[in-house]
Amino acid sequence: MMKSVKLKQLDIMIKKQLLFILAVTTLGYVNSAYSQSPISGFMQGKGKGNISLSYSSEKYDQVYLVPNLADGVPIFNEVQISSASLYATYGITNQLDVVFSLPYITAKGDASQEVLNNLDYENKRSGLQDVSVFVKYNPFYFDYGATSLRLIGAVGVKTPVGGYKEDEGLQSIIAIGNRSTTVSAIGLAMFKMDSGFFATGQFGGNFASNEVPNSYISELKLGYAVSKFYGDAYLANQFSTSGVDILGEGFQGFFPATRVSYTKIGANVYLPVYQEFGVATGISTLLAGRNIGKATGVYGALVYKF
Amino acid sequence: MKNINIKSALFAFTLLTTFVSCDNDYKEEAPSIASIAVTNEAFSTLEAAAIQGGVAVVLSNPNPNDPSGDYTVFAPTNDAFARLGLVDGGSLGVLQNSFLTNTLLYHVSNGNLLANQIMDGGTSTSALGVDRRFVMREGDLYINGSKIIITNVSASNGTVHAIDKVMLATGVNIVESALLMNDAKVFTSPELTFLVQAVVTSGLAPVLADENNRFTIFAPTDAAFKAAGFATVEDVANADPSFLQQVLLNHAIADGGTFTCEQTSTTATTAGGNTLTYSPFQNGVFTILGNSNTTPANMVIPDILCSNGVVHVIDTVLLP
């Protein structure tokens, strides 16, 4: 009995510290290595939550085209994307969380001034991108004693808030978003052991407005979570069900219509620092892709939990 | 209890691993012509030209003007562009976009033209509407004056052959072609302005514009005229017309108009009756020496096809 209460307290502590990992933004368009799933296997608990501010930076100078990886990004040679994101999550009940994120994104190319002059292009695009709000529901929790299994379902919507453009022809290689309003549905299972090790798997669908193809996302994550440390490593996948290939049949220079798929790996770490504050950091890189930059990036986040 | 744990763990992991799969089906697909240019470093200037000239999207898609849906593209390498001083995408800014687009279209034709279908003396109509002709020389195949150095690269929407020189065609006669340069419709800055004045002042314009007269023309640049002692275009306008006529006729060969690869002789008789001496054909060009020249002229822009001949822009005035 005593053991069970202690474990429960520990579990709550861990839960409280975790969702910030998602501070790294969600469902970005700019071929972001950091478009992690917004949904984790941990719940906040009623009246609790966290707010975080994150900064991420990633870069690519190769692009997964069909069928080959291209060295050098057309026109822009190399693209660097940085984002500052506000992320918050709040437990409405013990079984229901809301998750909010809003990134400000800056994408910079490295085209020569002559090339920019020839095409009347610019090396930078920046702005507020898309706000996303998810509602996350945890109806099932199976406690097997030393282990547990949690099942979660989430639905969310992402929609543009900034006035950024996505239809500037090949200038939009560095567009910061695709201006689609996307509805997402995600199912997640988390298996957890009292030792702190856990595994989560999730699968979801994105249903996009305008010409953006629908896509499936999946993520497999293995991690270790105790009261003073959190770490995970993940393998994530996006598979677009339709769309055109860049420079392939049907391509009209309109990037939102392209079929973006990828497989990436990444890792996240969180450490509590002082009272309610903690820091998170992570890395991520693409292993394979289609119509996406071969990006590698890092992020850091400051997290406040309440 | 333990049994349940193991079962649930297995269930969870099976579920998780089935989620993750890759979209790798496309690895076997053929790239489009545009994609070949983008993914091959030897074509990076062509890639930039196709973007600036507005044909990158066209060459990504099937050809709507041919039942096969295919194009044939003779693709100039980076070295080919560099011969014209176009060393990277940025340097393409010296060209007018409309000229760039037309030049690119001159490298494109409908359908698949494979190397084994190309015959010496044969022709092929470009997407610009102007023909190109094929020449066999010493076992090498040329299209106009450009050597075909890689053949039959297969694309999803056609065939690519690599060539060592950019092909140029104006679609108009020799005088009108010179005027395009003079009026900055080729380069963004005027060129051949001294030559155009010389043609006008000498009274040779009607001869050189006549579609029935077919010439090979060596066209000295403005810098060449300055080096020959004409400080300004006005100096040319004020020169003795018969002198100018004599000089200009030393730049014209009434041989029907030949590309560099078609020139096998080491001398040529000009329309003025004098002799020009050519160096051996090497790396796609040769030098030209006039009777009174001390140093030979080099080709700056070889093999420009006009409706009544071929023009080679040179860096020295050929003195009779």
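Visitor: Which residue in S16(A) stands opposite Lys59(A)?

Guide: Happy to start there, and please keep in mind that this is a predicted model. Strand S1 of chain A covers residues 49-60, and S1(A) pairs with strand S16 (residues 296-305) of chain A in the antiparallel sense over 10 bridges. Within that pairing, the residue of S16(A) that stands opposite Lys59(A) is Thr296(A).

Visitor: S1(A) also pairs with strand S4 (residues 79-93) of chain A; over how many bridges?

Guide: Here, too, the two strands run in the antiparallel sense. One facing pair is Glu58(A) and Ile81(A), the latter in S4(A). The number of bridges between S1(A) and S4(A) is 12.

Visitor: Let's move to chain B. Which strands are the edge strands of the open sheet S8-S14-S15-S9-S10?

Guide: Five strands form this sheet in chain B, and the pairing is mixed. An edge strand here pairs on one side only. In chain B, that description belongs to strand S8 (168-169) and strand S10 (252-253).

Visitor: Inside that sheet, do strands S9 and S15 of chain B run parallel or antiparallel?

Guide: S15 and S9 are neighbours in the strand order of the sheet. Pro220(B) stands opposite Ile314(B) in S15(B). Six bridges join S9 (residues 215-220) to S15 (residues 309-314), and the two strands run parallel.

Visitor: Now the helices: at what angle do H3 and H5 of chain B pack?

Guide: Two packed helices are described by the angle between their axes and the distance between the axes. For helix H3 (residues 44-52) and helix H5 (residues 97-106) of chain B, the axes are 9 Å apart. H3(B) passes H5(B) in a left-handed crossing. The angle is about 120 degrees.

Visitor: And how many charged residues are in the contact of H3(B) with H5(B)?

Guide: H3(B) brings Ala49(B), Ala50(B) and Gln52(B), while H5(B) brings Asn97(B), Leu100(B) and Leu104(B). Four of these contact residues are nonpolar and two are polar. The count of charged residues is therefore none, because Ala and Leu count as nonpolar, and residues outside the nonpolar and charged groups count as polar.

Visitor: Last one, on the domains of chain B: how many charged residues are on the side of domain 1 that touches domain 2?

Guide: Domain 1 spans 29-166 and domain 2 spans 174-314 in chain B, with 27 Å between their centres, taken over C-alpha atoms. The contact takes 14 residues from domain 1 and 13 residues from domain 2. On the domain 1 side, seven residues are nonpolar and three are polar, and the number of charged residues is four.

Notes
Residues are numbered from 1 along each chain as its sequence is written. Chains are lettered from A and ligands numbered from 1 in the order in which they are written. This is a predicted model: local features need pLDDT of at least 70, side-chain atom pairs count only at pLDDT 80 or more; totals for chains, interfaces and linings use all residues. Axes are lines fitted to C-alpha atoms, for helices over the stretch in contact, and angles run from 0 to 180 degrees between N-to-C directions. Helices (H or I, at least four residues) and strands (E, at least two) are DSSP runs, numbered from the N terminus. A crossing is left-handed if the near helix is turned anticlockwise from the far one by less than a right angle, and right-handed if clockwise. Two residues are in contact if their C-beta atoms, placed from the backbone, lie within 7 Å. Domain bounds come from an automatic or database domain assignment. Two strands pair if DSSP finds at least two bridges between them.
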